[in-house]
Amino acid sequence: MLLEKIISISGKPGLYKLVSQLKNGFIIEEVTTKKKVSIGNSSQVSLLDNIAMFTFDKEVPLFEVFENIAKNYDYKETISHKSSEAELAEFMVASLPNYDTERVYNSDIKKLAQWYNILHKAGYITPESFVKAEPETVEGESAEGDITADKAAPKKAAPKADKPATPKVKASTGAKAATKSTHRKMG
């Protein structure tokens, strides 16, 4: 699933896909209706790719949580975000068993269910969505073979080289604040 171009906009319901950048903003497309509109640079934008949920051990990327939900619900729609608190808590335990109950709020769980269902309706939730690219192999070395720390470091650094393309989505302090705050609250 390519979440790097899917965004949430503060004050606007739903999810949007970034289409292109303008001088003073962006052209976005609502993921379910495909309706295109433009937004200004002052909009607070959260990239779903930058959002993670707290567990007691670490932060789990939203992509992985969506994958857990998809597997639990056989790639079908999940519970409504308007479900009771008890149903939402049960949904969250099944989706991310070790989630931090003090830092993941009920509003975050509602948003998770709502976003998952929006992405499902838009066709983003399929078994193929979660297939990870095969690791590259060096001749004579298996993909899961032993690698030294020297070889592992460049492979970990390579994905970060792709990240500078992401900030041009929203380089203002509003987006940086929104991205940082999303780790605590999902949007």
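Me: In this predicted model, which residue follows H1, and what is the sign of its phi?
Reply: H1 is followed by Asp74, and the phi of Asp74 is positive, near 55°. Asp74 is not a glycine, and its place is the loop between H1 and H2.

Me: What makes the contact of Asp74 with Lys76 a salt bridge?
Reply: The side chains of Asp74 and Lys76 meet with an N to O distance of 3.5 Å, and the cut-off for a Lys or Arg side-chain nitrogen and an Asp or Glu carboxyl oxygen is within 4 Å, so the pair is counted as a salt bridge. Lys76 itself has a relative accessible area of 49%, and because exposed requires over 50%, Lys76 is called partly exposed.

Me: Why is Glu67 called buried, and what is the class of Lys71?
Reply: Glu67 has 11% relative accessibility, and buried means under 20%, so Glu67 counts as buried. Lys71 has a relative accessible area of 52%, which is over the 50% limit, and is therefore exposed.

Me: How do you know that Glu67 and Lys71 form a salt bridge, and where do they lie?
Reply: Their closest N and O atoms are 3.5 Å apart, and the rule asks for within 4 Å, so the pair qualifies. Both residues lie in helix H1, 4 residues apart, about one turn of the helix. In general, residues three or four places apart in an α-helix point the same way, because there are 3.6 residues a turn.

Me: Which other residues of H1 are buried, and what do the buried residues pack against?
Reply: Besides Glu67, the buried residues of H1 (62–72) include Leu62, Phe63, Val65, Phe66, Ile69 and Ala70. The buried residues of H1 pack against strand S6 (52–54), strand S7 (59–61), helix H2 (85–95) and helix H3 (106–121).

Me: Why is H1 called roughly perpendicular to H2?
Reply: The axes of H1 and H2 come within 9 Å and cross at roughly 105°; since 65 to 115 degrees counts as roughly perpendicular, that is the term for H1 and H2. The contact is made by Asn68, Ile69 and Asn72 of H1 with Phe91, Ala94 and Ser95 of H2, and these residues divide into 3 nonpolar, 3 polar and no charged.

Me: What makes Asp100 and Arg103 a salt bridge, and how is each classed by accessibility?
Reply: The N to O distance of their side chains is 3.0 Å, and the limit is within 4 Å, so Asp100 and Arg103 form a salt bridge. Asp100, with a relative accessible area of 8%, is buried because the limit is under 20%, whereas Arg103, at 37% relative accessibility, counts as partly exposed. By this rule the count comes to 3 salt bridges.

Me: How do you know that S2 pairs with S1 and with S3?
Reply: Pairing needs at least two bridges; S1 (6–9) and S2 (16–21) have 2 in the antiparallel sense, and S2 and S3 (25–30) have 5, also antiparallel. Ile6 has Lys17 of S2 as its bridge partner, and Ser20 stands opposite Ile27 in S3.

Me: Why are S4 and S5 said to stand at the edges of the sheet?
Reply: The open sheet has 5 strands in the order S4-S3-S2-S1-S5, with antiparallel pairing. S4 and S5 each have a single partner strand, so one side of each is left without a neighbour in the sheet.

Definitions and conventions: Residues are numbered from 1 along each chain as its sequence is written. This is a predicted model: local features need pLDDT of at least 70, side-chain atom pairs count only at pLDDT 80 or more; totals for chains, interfaces and linings use all residues. Side-chain values use heavy atoms; hydrogens and water are left out. Buried means under 20% relative accessible area, exposed over 50%, partly exposed in between (1.4 Å probe, protein chains only). Contact means heavy atoms within 4.5 Å. Axes are lines fitted to C-alpha atoms, for helices over the stretch in contact, and angles run from 0 to 180 degrees between N-to-C directions. Angles under 35 degrees count as roughly parallel, over 145 as roughly antiparallel, 65 to 115 as roughly perpendicular and the rest as oblique. Ala, Val, Leu, Ile, Met, Phe, Trp, Tyr, Cys and Pro count as nonpolar, Asp, Glu, Lys and Arg as charged, and the others, Gly among them, as polar.
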